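Visitor: I would like a close look at one part of this model: the place where the two chains meet. Please take me through that part step by step.

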There are 2 protein chains.
Amino acid sequence: MAQVEVKAPEKKVRMKRSMIDCDVHHLAPVSAVKDHLPRFYRDQIDLWGWRLPGPIYLNGGVQGLTVDSTPPDGTNPLGGRGDLEYLRSQHLDPFNVEYGILTGSDYSFQASPDPDYAAAICSALNDYTIEHWTSKDKRLKASLFIAKQDPLLAAKEIDRIGSHPDMVQVIVANGAEKPYGNRFYHPIYEACVRHNLPFNIHVLTEGLGINTGPTGAGYVTYYPEYRAARPQVMMAHLASFIFEGVFEKFPTLKVVLQEAGAFWIAPFLWKLDSDWKSLRFQTPWVKKAPSEYFRSNVRVTSQPIEMPPSTELFQQMMKAIYADECLMFCSDFPHWDFDSPLLTFPKLDDALWERIFYQNAADLYELPARRSDQGGAEG
Amino acid sequence: MAQVEVKAPEKKVRMKRSMIDCDVHHLAPVSAVKDHLPRFYRDQIDLWGWRLPGPIYLNGGVQGLTVDSTPPDGTNPLGGRGDLEYLRSQHLDPFNVEYGILTGSDYSFQASPDPDYAAAICSALNDYTIEHWTSKDKRLKASLFIAKQDPLLAAKEIDRIGSHPDMVQVIVANGAEKPYGNRFYHPIYEACVRHNLPFNIHVLTEGLGINTGPTGAGYVTYYPEYRAARPQVMMAHLASFIFEGVFEKFPTLKVVLQEAGAFWIAPFLWKLDSDWKSLRFQTPWVKKAPSEYFRSNVRVTSQPIEMPPSTELFQQMMKAIYADECLMFCSDFPHWDFDSPLLTFPKLDDALWERIFYQNAADLYELPARRSDQGGAEG
């Protein structure tokens with residue numbers, strides 16, 4: 001790779017009130033965890049390489065990242081998320097992040113045809129993240145990777161490490177073989193409920209490896225189309241959870257929809273509610289309106305939020321997606337389309353700011369109140 | 001099939017101001033056109049049956065239809081759309097339909113692996129519709145079916161019959177092998193532009209036959225999920241048209257999105273516009289913001305429109321989808337989720353009613369002004 005010359009601007013900001021960032025990417029490539037894998041896979045990797053599906057579409061920014069995620073020496077454009085010190089100085093400190101939920105950087109193994117291999121990588125990765133990240137900064141919490149190709153193996157990994165205090169959710173890529181409400185996946189939700197862990201669906205790997213094509217009309221051509229496809233896939237998962245009755249079977253399960261935007265949820269719920277009213281005799285196990293399940297069982301992170309053309313419409317859309325209950329701020333640090341907590345939203349009233357930037361996430365992940373209150377909100 | 005006893009209520013209504021209905025299903029099953037097929041296919045059908053992919057999900061209503069689409073004798077639940085007299089008395093007359101755009105009832109041949117067979121059925125069907133429907137009532141206009149499996153064959157059919165005055169658009173099912181902006185389909189758009197015919201994408205056949213699975217996460221389980229998948233597929237097509245540069249290559253091409261709802265378009269365009277702003281260097285042939293292409297080149301029919309929780313939000317959403325320029329009323333007669341022109345919308349101001357219920361469709365399909373003005377609007 002040609003060296004990219006980039007300079008990180010000085011961060012002058014220091015947010016007054018602390019917040020929870022629900023999507024902080026740390027560099028957790030499978031290459032970093034090779035030594036933690038069983039001998040069998042290390043030998044295979046030496047002989048055949050990693051055999052993991054890689055990206056086929058462009059991305060944005062510099063290798064997908066913001067310029068200022070790169071350490072000032074410019075030698076390593078991927079450095080920002082690989083370096084805890086840099087994460088602290090560029091993100092956690094200036095933006096006064098009380099808790100940052102680490103979401104890793106590589107989900108390709110979840111699209112591998114080999115579930116045993118994927119499970120081995122997940123275990124190594126989960127151990128690596130605790131050892132090298134969360135144990136070194138109490139602000140960091142981790143997402144538990146599973147081999148979703150094999151829900152029973154996935155449940156085994158949740159049982160192995162899911163009660164560790166630094167593990168706050170189970171995470172899967174949006175790309176899938178089947179919509180996530182399908183009964184195939186229910187052993188995962190049994191394990192999530194056993195360990196009181198939310199199930200996070202994070203965009204990535206749509207159309208890669210063993211996953212189905214990224215849209216209901218097959219493969220797209222360009223990256224903006226691919227980005228447009230991600231909320232479509234998330235819609236399929238959300239409808240699936242509701243109409244398969246997952247939230248009746250697992251009433252305490254919480255599902256997090258991450259990095260697919262937020263405002264599409266409003267017209268989507270209007271449609272689901274309306275269809276449920278006229279068709280509920282076909283799915284009698286769906287006892288409540290879809291929007292009620294959404295409010296009780298689903299949470300959404302903000303980035304990259306769509307921006308309505310007027311503040312008035314923005315406020316109405318926030319109500320329509322139940323933002324005060326369901327929306328949680330996240331930055332997607334250090335990706336090129338990072339949302340700054342200072343710039344993402346129009347002015348929010350104080351109570352709503354507090355729900356979105358702290359309390360909704362604190363409630364979901366059972367995180368304590370702020371260590372100290374540092375004054376008024378910026379937002 | 002067990003006989004279903006249904007009674008059609010008396011229609012008392014007679015709308016004062018006439019309107020254009022952009023989605024009137026007439027019974028146009030392939031079985032009705034067998035005699036019009038070449039001998040080769042008639043022989044094959046006698047030996048092997050029709051070999052066309054059929055529905056795998058439930059539908060709503062009675063065989064998918066409204067109760068009052070059934071003639072009073074109750075003998076033929078499918079009668080409403082198979083009987084021109086009944087269509088007149090139950091729909092065209094009471095709702096004062098100045099023009100009704102016929103959209104057929106069976107699109108399965110567009111998901112057949114055999115493009116020659118599909119093309120033969122299309123030709124027979126197009127001839128049948130002119131002979132048995134549009135030539136018998138000047139209010140009826142027709143949609144031209146094509147074998148989209150083979151865009152060159154499709155263009156040939158458009159050239160054969162596309163200049164007939166009763167043919168007002170080319171129609172395809174939403175289910176597809178590739179998103180419709182893909183260059184594979186461009187010969188179809190050349191032919192549409194040659195004959196000044198809009199390209200209508202009507203929901204149906206998602207996930208059937210040779211089409212890809214109905215979502216970006218594969219097959220769904222239940223019918224409400226399947227309905228939720230349809231706008232997702234439409235989103236994939238819309239993003240594809242824009243980012244593949246179809247509207248730069250064919251600036252006069254108009255695309256109609258039918259029966260996938262309408263308000264999802266607002267947050268979807270916010271997302272596309274925002275991504276275009278930051279990523280336009282990747283697709284330099286996309287010269288305008290996606291919402292500008294939407295306004296100039298895309299039209300949307302109303303049914304089944306999502307219903308926001310307040311009139312205020314409804315009005316803002318109407319603005320956000322450019323309803324005054326882009327939205328066209330349709331009823332989906334005689335399907336169970338039929339939208340009555342009297343009940344579909346909250347009170348609209350007169351000018352907007354006129355755009356949605358008449359002028360936008362008249363402009364698109366180049367239909368003349370009302371034969372006589374019959375007074376004020378109901379809507």
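Guide: Here is a walk through the contact between the chains, with a short stop at a sheet afterwards.

Keep in mind that this is a predicted model. Start with the residues that touch. Chain B gives 60 residues to the contact, and chain A gives 60 residues too. Together the two chains bury about 4,800 Å². Of that area, 66% lies on carbon and sulfur atoms. Which residues of chain B lose the most area to chain A? They are Tyr222(B), Trp270(B) and Lys271(B). Together these three make up 14% of what the side of chain B buries.

Now look for charged partners. There are 2 salt bridges between chain B and chain A. Find Arg227(A) and Asp275(B), which form a salt bridge. Their closest N and O atoms are 2.9 Å apart. Polar contacts come next. Across the interface, 12 residue pairs are in polar contact, with both residues at pLDDT 80 or more.

Which elements of chain B build its side of the contact? Three helices of chain B each give two or more residues to the side that touches chain A. They are helix 7 (223-243), helix 9 (265-279) and helix 11 (311-320). Helix 7 of chain B provides the largest share, with 14 residues. Sort that side of chain B by class, and you get 33 nonpolar, 17 polar and 10 charged residues.

Next, compare the two chains. A turn of 180° and a shift of 0.0 Å along the axis lay chain B on chain A. The RMSD is 0.0 Å. Why does this matter for the symmetry? Because that is the relation of a two-fold axis. Both copies use the same surface: 100% of the contact residues of chain B recur in chain A.

Last, the sheet in chain B. Its 8 strands form an open sheet in the order 1-2-3-4-5-6-7-8, with parallel pairing. Two strands sit at the edges: strand 1 (19-24) and strand 8 (327-328) of chain B. Each of them pairs on one side only. Follow strand 1 of chain B to strand 2 (residues 97-102) of chain B. These two strands pair in the parallel sense over 4 bridges. For one spot to check, find Val24(B). Opposite Val24(B) stands Leu102(B), in strand 2 of chain B.

Notes. Residues numbered from 1 in each chain as written. Chains lettered and ligands numbered in written order. Predicted model: local features only at pLDDT ≥ 70, side-chain atom pairs only at ≥ 80, totals over all residues. Heavy atoms only, no water. Contact = heavy atoms within 4.5 Å. Buried area = accessible area lost by both parts, 1.4 Å probe. Salt bridge = Lys/Arg side-chain N within 4 Å of Asp/Glu carboxyl O. Polar contact = N/O pair within 3.5 Å; in protein donor to acceptor, adjacent residues only side chain to side chain. Nonpolar A, V, L, I, M, F, W, Y, C, P; charged D, E, K, R; others polar. Least-squares fit on C-alpha atoms with pLDDT ≥ 70 in both. Pairing = 2+ DSSP bridges.
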